[in-house]
Amino acid sequence: MVDASFRPVSGMDLPRFAGIPTFMRLPHIDLDDTGIRDVDIGLIGIPWDSGTTNRPGARHGPRQLRDNSTMIRAEHGATGVRPYETANCADLGDVGPNPTDIHDTMNRITSFYDRVVEAGILPLTAGGDHLLSLPVLRALARRRPLGMVHFDSHTDLFRSYFGGTEYTHGTPFRRAVEEGLLDPARVVQIGIRGTAYDTEDRDFAKSVGIRVIPVEEYFSRGPEDVMAEARKIAGDGPTYVSYDIDFVDPSFAPGTGTPEVGGPNSFEALLVARLLDGLDVVGADLVEVSPPFDPSGGTALLGASIMFELICVMVRKRAAVDMA
Ligand code: MN
Ligand code: MN
């Protein structure tokens, strides 16, 4: 049942610069609260960047994303979707990380998401660096491998870093394929670009059947055509959406650790997420917003806006389930 107590605080009632900044000004509900049973979509922060190989700072992402998400209103400007009238959405708080221990933190994340799945909640995560997708997928894909639509300028499919380190933000989807969490035939990576060390990541993609769409192909075909193919690849099955903010051109999203020039603009950043509509999205994340590289918060405002697009896609899928 959709419950009015899950509506965000309106800027018409309380100015948007006032109040405690939860994601989208939604109510904060702890996993231990009884109200958790009524939540359909949970927004979760993972303030953790211990998988970062280059410029850090994404551990500060959730807080800046929450602050900037107070700018987002309840109705979608282009589609008219009013997500909070279709599904109960709440801020479930942060997963508490251990910044000095990668494996301890990954276990904490998986345990948290096991409880989210158990409660029947679809998670939308704000990172944090991209390694966090792996422990999230370990919980979400327990029963069956998932498809994935992945926006990024990097494949994050490398075998290892620094002579054998297997868990970094450049390796999560290599591990996820090895662990059987993803069905490679239903995975598409969009926006890949930039200089490279070698072709080891893309060779792996090819060897397992992951579709990689470089940014050159994205621009020559256009977002509508590319996203039609992405929806076809993901198909009707359960699908995860992973959105690295460095998919977007650094002129629009400078606040990230590994920027790559020559990317989509902020309009396209929203449009590609909107064009996920119709997929069976069982979870999503928005990662790699690093506030120290953009203290003004423009990158986080774009990130929060992308999260709103993802909420709109996720509630429409939830509404379809409820009507069935
Ligand atoms: Mn990236
Ligand atoms: Mn990434």
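A pocket, on a 1 Å grid over the protein atoms alone, is an open set of points where a 1.4 Å probe fits, with protein on both sides within 12 Å along at least five of seven lines; its lining residues have an atom within 4 Å of a point. Its volume is the space filled by probe spheres set on the points, with grid points joined across faces, edges and corners.

Before starting, note that this is a predicted model, where local features need pLDDT of at least 70, side-chain atom pairs count only at pLDDT 80 or more, and totals for chains, interfaces and linings use all residues. Residues are numbered from 1 along each chain as its sequence is written, chains are lettered from A and ligands numbered from 1 in the order in which they are written, and side-chain values use heavy atoms, with hydrogens and water left out.

**Exercise 1. Describe the second largest pocket.**

Step 1: start with the volume, which is about 370 Å³.

Step 2: look at the lining. There are 17 residues in it, and Val9, Ser10, Gly11, Arg73 and Ala74 sit nearest the centre.

Step 3: sort them by class. Ala, Val, Leu, Ile, Met, Phe, Trp, Tyr, Cys and Pro count as nonpolar, Asp, Glu, Lys and Arg as charged, and the others, Gly among them, as polar. That gives seven nonpolar, three polar and seven charged residues for the second largest pocket.

**Exercise 2. Now do the largest pocket.**

Step 1: its volume comes to about 490 Å³. Its lining has 25 residues, and those closest to the centre are His154, Phe158, Thr195, Tyr197 and Glu260.

Step 2: find the elements that contribute. Helices (H or I, at least four residues) and strands (E, at least two) are DSSP runs, numbered from the N terminus. Helix H5 (200-208) and strand E6 (211-214) each give the lining of the largest pocket at least two residues.

Step 3: by class, the lining of the largest pocket splits into seven nonpolar, 10 polar and eight charged residues.

**Exercise 3. Work out what holds the two manganese ions.**

Step 1: set the rule. Donors are N, O and S atoms within 2.8 Å of the metal (3.2 Å for Na, K and Ca), and water is not among the atoms, so sites may look incomplete.

Step 2: take the manganese ion (ligand 1). Its donors are Asp152 (OD), His154 (ND1), Asp244 (OD) and Asp246 (OD), with Asp246 (OD) listed twice, at 2.0 to 2.5 Å. Along the sequence these donor residues are spaced D-x1-H-x89-D-x1-D. Histidine 154 lies in the loop between strand E4 (146-151) and helix H4 (172-178), and aspartate 246 in the loop between strand E7 (238-244) and helix H8 (266-274), 92 residues apart.

Step 3: take the manganese ion (ligand 2). It is coordinated by His130 (ND1), Asp152 (OD), Asp156 (OD) and Asp244 (OD), at 2.1 to 2.2 Å, and the donor spacing is H-x21-D-x3-D-x87-D. Here aspartate 152, in the loop between E4 and H4, pairs up with aspartate 244 in strand E7, 92 residues away.

Step 4: connect the sites. The two manganese ions are 3.3 Å apart, and aspartate 152 coordinates both.

Step 5: are these residues buried or exposed? Buried means under 20% relative accessible area, exposed over 50%, and partly exposed in between (1.4 Å probe, protein chains only). Histidine 154 and aspartate 246 are buried, as are aspartate 152 and aspartate 244.

**Exercise 4. Trace some salt bridges.**

Step 1: a salt bridge puts a side-chain nitrogen of Lys or Arg within 4 Å of a carboxyl oxygen of Asp or Glu. The whole structure has 21 of them.

Step 2: arginine 66 bridges to aspartate 91, with the closest N and O atoms 2.8 Å apart. Arginine 66 is in helix H1 (residues 61-69) and aspartate 91 in strand E2 (residues 89-94), so the bridge ties together parts 25 residues apart in sequence. Arginine 66 is buried at 11% relative accessibility, and aspartate 91 is buried at 2%.

Step 3: aspartate 277 and arginine 316 form another, at 2.9 Å between the closest N and O atoms. Aspartate 277 is partly exposed at 30%, and arginine 316 is partly exposed at 43%.

Step 4: finish with a network of salt bridges, which links Arg159, Arg174, Arg175, Glu178 and Glu200.
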